[in-house]
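I opened this notebook to record, entry by entry, what I looked up in the structure. The entries go from sheet to helices, then to domains, and last to the second chain.

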Amino acid sequence: MINTNTSVSKYPQPAGTHVETVTDVEHYTDRLFRFRITRPPTFRFRSGEFVMIGLPNAEKPVFRAYSIASPSWDEELEFYSIKVPGGPLTEHLQKIVKGDSVLMRQKSTGTLVNDALLPGKRLWMFSTGTGFAPFASLVRDPETFEKFEKIFITHTCRDVDELVYSKQVCGNLINDPLCGEFADKIQLIQTTTRQKFTKMGRITELLSSGNLFSDLGIGRITPGEDRGMICGSANMINDTKTLLESFGLKEGSNSKPNTFVVEKAFVD
Amino acid sequence: MTYLVTDECINCKYQDCIEVCPVDCFYEGENTIVINTDECIDCGVCEPECPVGAIKPDTIHNADFWIQLNQKYAEVWPNILVKGDPLPKADVWADNKNKLSLLSEKAVS
């Protein structure tokens with residue numbers, strides 16, 4: 001296989017970055033893939049946070065925000081990425097293979113963290129597309145299960161094969177060394193909006209109609225018991241946020257935890 | 001796309017935004033903070049952190065005015081990387097709106 005991104009870059013390493021090595025790449029569709037890289041020994045993050053990722057392919061490389069999809073205890077870092085034709089980063093990033101180098105800025109941040117939520121019983125993670133990535137991190141972190149009794153993850157995409165990654169992560173949880181014992185606390189709800197599937201519809205429609213709750217045989221969201229995390233497109237975030245507010249939930253942040261938090265999933 | 005610091009920050013400078021910015025794009029004046037709109041990646045993490053709601057998306061009414069103001073000072077004030085203390089009377093000024101006339105053009109000393 002031709003290595004398109006040799007591990008020795010001809011460009012100087014940008015200040016404030018780590019140079020890490022790709023350890024695994026898996027392509028799901030012509031639009032989606034995941035990759036894993038080595039983790040710098042000094043790098044600490046909270047499950048659910050994101051970092052800036054780039055390639056050593058220019059004097060001033062393009063960086064994009066990527067949610068870390070692996071949990072904070074993992075010795076490697078995993079990312080779930082879209083492939084955008086002509087996209088400044090993903091056009092090149094989608095070609096990486098094992099052994100290539102990836103740049104990562106040193107600072108991780110984010111709002112989709114357990115710290116930004118007040119204690120509750122049920123945690124809802126609402127995602128579309130690659131917005132599932134931060135939840136792939138949080139569902140593999142024992143802290144999430146220590147804080148919540150039940151976790152509902154919704155993942156909505158246009159087509160069925162775009163749901164493979166979330167099914168893989170949640171399905172493999174039972175074999176996870178730290179979270180396997182909590183696998184029955186998780187419920188993954190996958191829906192499509194275009195291709196025919198067992199469950200179809202936008203999450204906002206399922207929430208507002210109440211079908212989401214009746215299908216699960218549970219009561220509606222209440223501010224006393226439920227907590228929410230939202231990650232998707234700007235429109236999906238705004239609509240889901242309005243619905244959670246109609247249930248009485250309030251947006252929180254790192255400095256002021258509350259009953260739900262939001263974060264944009266990056267699309268290019 | 002960028003986020004903007006508006007005049008609600010003036011005389012407060014709570015700085016909860018500083019530590020969450022993934023690209024360190026805040027710049028510090030004597031009595032307020034601004035965003036370098038060329039560096040902001042529009043991630044939105046800072047917006048809910050501000051206790052006075054000073055940080056807004058560039059979809060607000062009058063966004064062009066705030067983009068120009070933020071960029072003008074971001075190019076002359078120093079980059080702020082670490083959260084410091086709020087201004088001494090921040091809590092008193094927090095509920096005041098329309099503080100633009102109080103903006104100091106000086107960089108933080």
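**Entry 1: strand pairing.** Before counting anything I fixed the term: two strands pair if DSSP finds at least two bridges between them. I also noted that I am working on a predicted model. With that settled I looked at strand β10 of chain A, residues 226–232, and found five bridges joining β10(A) to β11(A), the two strands running parallel. Within this pairing A:Cys231 stands opposite A:Glu263 of β11(A).

**Entry 2: the whole sheet.** Next I asked in which order the strands of this open sheet of chain A lie. I read five strands in the order β9-β8-β7-β10-β11, with parallel pairing. The edges are held by β9 (186–192) and β11 (260–264) of chain A, each of which has a single partner strand, so one side of each is left without a neighbour in the sheet. On average, neighbouring strands of this sheet are turned by 10 degrees against each other, when direction is ignored.

**Entry 3: strand β7.** I then turned to β7(A) and its two pairings. Seven bridges join β7(A) to β8(A), and six join β7(A) to β10(A); the strands run parallel in the pairing with β8(A) and also in the pairing with β10(A). I followed one residue across: A:Phe126 has A:Thr154 as its bridge partner in β8(A), and A:Phe126 stands opposite A:Ile230 in β10(A). Is β7(A) mostly covered or mostly open? I found it mostly covered, with six of its seven residues buried.

**Entry 4: helices on the sheet.** Returning to the pairing of β10(A) and β11(A), which is parallel, I looked for helices packed there. Helix α7 of chain A, residues 234–246, packs on the sheet and touches β7 (122–128), β10 and β11 of chain A, while its direction makes about 165 degrees with that of β10(A). Helix α4 of chain A, residues 164–171, also packs on the sheet, where it touches β8 (150–157) and β9 of chain A, and its direction makes about 170 degrees with that of β9(A).

**Entry 5: a lysine in α7.** I picked A:Lys241, which lies in helix α7 of chain A. Leaving aside residues up to four places away in sequence, I see that A:Lys241 touches A:Ile230, A:Glu251 and A:Val262. A:Lys241 has 19 C-beta neighbours inside 10 Å and therefore counts as partly exposed, given that a residue needs 20 or more to be buried. From A:Lys241 to A:Gly228 I noted 13 residues in sequence and 9.2 Å in space, C-alpha to C-alpha.

**Entry 6: two domains of chain A.** The domain assignment gives domain 1 (17–105) and domain 2 (114–264) of chain A. Their centres, taken over C-alpha atoms, are separated by 23 Å. I find 18 residues of domain 1 of chain A in contact with 17 residues of domain 2 of chain A. On the domain 1 side, β2 (32–38) and β5 (76–82) of chain A each supply at least two residues, and the largest share, four residues, comes from β5(A). I sorted the residues of this domain 1 side by class, and they divide into nine nonpolar, seven polar and two charged.

**Entry 7: where the chains meet.** The contact between the chains takes 13 residues from chain A and 11 from chain B. The chain B side has eight nonpolar, one polar and two charged residues.

**Entry 8: chain B by itself.** I noted three helices and four strands in chain B, and along the sequence they follow the pattern β-α-β-β-β-α-α. The radius of gyration of chain B is 12 Å, which agrees with the value near 13 Å for a compact globule with 109 residues. Its C-alpha atoms fill a box of roughly 30 × 30 × 25 Å along the principal axes, and 40% of the 109 residues of chain B are buried. Among contacts in chain B between residues at least 6 apart in sequence, 83% join residues at least 24 apart.

**Entry 9: positive phi in chain B.** I looked up two residues other than glycine. B:Lys13, in the loop between β1 (3–5) and α1 (16–20) of chain B, has a positive phi near 50 degrees. B:Asn62, in the loop between β4 (55–57) and α2 (63–74) of chain B, has a positive phi of about 70 degrees. Which of the two is buried and which exposed? With 26 C-beta neighbours inside 10 Å, B:Lys13 counts as buried, whereas B:Asn62 is exposed, with 10 other C-beta atoms within 10 Å.

Note on methods:
Residues numbered from 1 in each chain as written. Chains lettered and ligands numbered in written order. Predicted model: local features only at pLDDT ≥ 70, side-chain atom pairs only at ≥ 80, totals over all residues. Domains from an automatic or database assignment. Contact = placed C-beta atoms within 7 Å. Nonpolar A, V, L, I, M, F, W, Y, C, P; charged D, E, K, R; others polar. Axes fitted to C-alpha atoms, helices over the stretch in contact; angles between N-to-C directions. Rg over C-alpha atoms; globule rule 2.2 N^0.38 Å. Buried ≥ 20, exposed ≤ 12 C-beta atoms within 10 Å, placed from the backbone.
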